[in-house]
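User: Please take a close look at whatever empty space is enclosed in this one, and at what surrounds it. Then walk me outwards from there, with the cut-offs spelled out.

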Amino acid sequence: MTVAYERHGHGEPVVLLHGLGYHRKSWDAIVPLLSTHREIITIDLPGFGQSPDPDPRIPRNPETATAWLDAIFKALKIEQPHVAGHSLGGLLALRAGQSGIAKTVTALAPAGFWTRAERRRTYALLHAAHYGVRLLPDTALEAVLATPPARAVLTGTLYGRPEKCPPHIAAATLRTLQHTPAIKASLQAGRAPHLFTGNIPDIPVTIAWGTHDRLLPPHQATRAHTMIPHAHLVPLPGCGHIPMLDAAELVAHTILHATQPHTPHPPQNNPTNPQTHTHHT
């Protein structure tokens with residue numbers, strides 16, 4: 001499999017996993033805030049961003065994803081890194097912690113803690129965004145998103161403060177939902193029951209949730225906490241489903257705090273000049 005990734009900064013390694021329909025660039029607002037304290041590794045999951053879709057014969061499920069992450073960690077020579085993830089990436093981060101390949105886990109609105117009815121509602125919203133955007137050419141979409149009311153309607157399920165999201169970023173987010181090849185297979189895999197079961201008793205776990213998350217409502221955090229009772233729950237006030245764009249500094253602080261008490265290492269190079277690679281495993 002071909003994997004696209006970036007490495008920034010120096011210190012203890014923290015791997016960031018993006019959500020459904022996104023890619024490693026969804027962390028761009030967070031990386032500069034973290035990379036002066038940690039080595040930050042952002043990865044395009046299979047079929048997202050610049051990582052090609054895997055062979056269709058390869059199962060798309062959390063077990064396969066965990067084995068894939070373990071192979072990536074070994075290839076990058078990062079033994080048991082801190083792992084933080086958002087939405088789909090949050091679920092994978094929790095599974096990584098459960099399998100023993102993560103030192104700590106930070107999950108931002110992790111997927112999979114829904115009821116069947118909640119999952120149907122979430123999928124309906126994602127399908128509406130996916131197919132609705134296809135009706136508009138790129139130039140028209142960004143023009144429509146230039147008006148705050150339209151931005152609130154089209155991206156209100158994703159952002160807690162859609163009026164503050166620049167039109168070009170909102171347009172890029174919606175276009176990514178449309179063009180990502182792995183979305184259909186990932187949504188099908190998400191229909192499986194019990195995407196996460198059991199506990200993660202041996203490592204620190206932080207679960208953070210936007211208080212204005214309309215895609216995965218924040219009451220789902222209670223279910224996650226029931227399964228992982230020692231997890232530290234962190235509300236993200238005013239944030240929607242993509243808190244990295246609503247409150248970058250708050251999310252960065254949450255991840256830094258979750259990866260303590262490890263002493264940060266001062267940067268030895270310019271953290272804004274990342275190394276960008278692809279790797280075959």
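Analyst: Here's the overall picture, then the cavity, then a walk along the chain.

Keep in mind that this is a predicted model, so local features need pLDDT of at least 70 and side-chain atom pairs count only at pLDDT 80 or more, while totals for chains, interfaces and linings use all residues. Residues are numbered from 1 along each chain as its sequence is written, and side-chain values use heavy atoms, with hydrogens and water left out.

The chain averages a pLDDT (the predictor's confidence in each residue, from 0 to 100) of 84, and 83% of the residues score at least 70. One stretch to treat with care is 262–276, where pLDDT stays under 50 although the model has 29 contacts there beyond four places in sequence; a contact means heavy atoms within 4.5 Å. The fold has 11 helices and 8 strands, taken as DSSP runs numbered from the N terminus (H or I over at least four residues for helices, E over at least two for strands). Of the 281 residues, 53% are buried, with buried meaning under 20% relative accessible area, exposed over 50% and partly exposed in between (1.4 Å probe, protein chains only). Among contacts with a separation of 6 or more, 75% join residues 24 or more positions apart.

Now the empty space. The structure holds 1 cavity of 30 Å³ or more; on a 1 Å grid over the protein atoms alone, a cavity is a set of points where a 1.4 Å probe fits but cannot get out, and lining residues have an atom within 4 Å of a point. The largest cavity takes in about 530 Å³, where volume is the space filled by probe spheres set on points joined across faces, edges and corners. It's lined by 35 residues, and the ones closest to its centre are Leu-20, Arg-60, Leu-88, Leu-92 and Ser-186. By type, the lining splits into 26 nonpolar, 8 polar and 1 charged; Ala, Val, Leu, Ile, Met, Phe, Trp, Tyr, Cys and Pro are counted as nonpolar, Asp, Glu, Lys and Arg as charged, and the others, Gly among them, as polar. The elements giving two or more residues to the lining are helix 2, helix 3 (88–99), helix 4 (116–133) and helix 8 (183–189). Helix 2 gives the most, with 4 residues.

Follow helix 2 (62–75) out and you land in the loop that leads to strand 4 (82–86), where Leu-76 sits. Leu-76 is buried at a relative accessible area of 7%, and beyond its neighbours within four places it's in contact with Tyr-5, Arg-7 and Ile-41. For Ile-41, the C-alpha to C-alpha distance is 9.7 Å across 35 residues of sequence. Lys-77 shares that loop but is exposed, with a relative accessible area of 74%. Its backbone is worth a glance too: phi of Lys-77 is near 60 degrees, a positive value in a residue other than glycine. Most residues other than glycine have a negative phi.

Helix 8, another of the lining elements, is followed by the loop to strand 6 (205–210), which contains His-194. His-194 also has a positive phi, near 55 degrees, and is exposed at 66%.

Further along, helix 9 (220–227) has Gln-220, Ala-221 and Ala-224 as its buried residues. Seen down the axis, these fall within an arc of 105 degrees, so they line one face of the helix; that arc is the one of the directions from the helix axis to the C-beta atoms. Ala-224 has a relative accessible area of 0% and, outside its neighbours within four places in sequence, contacts Phe-113 and Ile-207. The C-alpha atoms of Ala-224 and Ala-111 are 9.9 Å apart, with their positions 113 residues apart along the chain.

Helix 10 (243–246) includes Leu-245, partly exposed at 37%. Leu-245 touches Tyr-159 and Ile-169, not counting residues up to four places away, and its C-alpha is 7.6 Å from that of Tyr-159, 86 residues off in sequence.

Last stop is helix 11 (248–258), home to Ala-252, which is buried at 3%. With residues up to four places away left out, Ala-252 touches Ile-30, Leu-33 and Leu-34. Its C-alpha and that of Ser-35 are separated by 10.0 Å, although the two are 217 residues apart along the chain.

Key: 1 Å grid on protein atoms, 1.4 Å probe; cavity = no way out; pocket = protein on both sides within 12 Å on 5 of 7 lines; lining within 4 Å.
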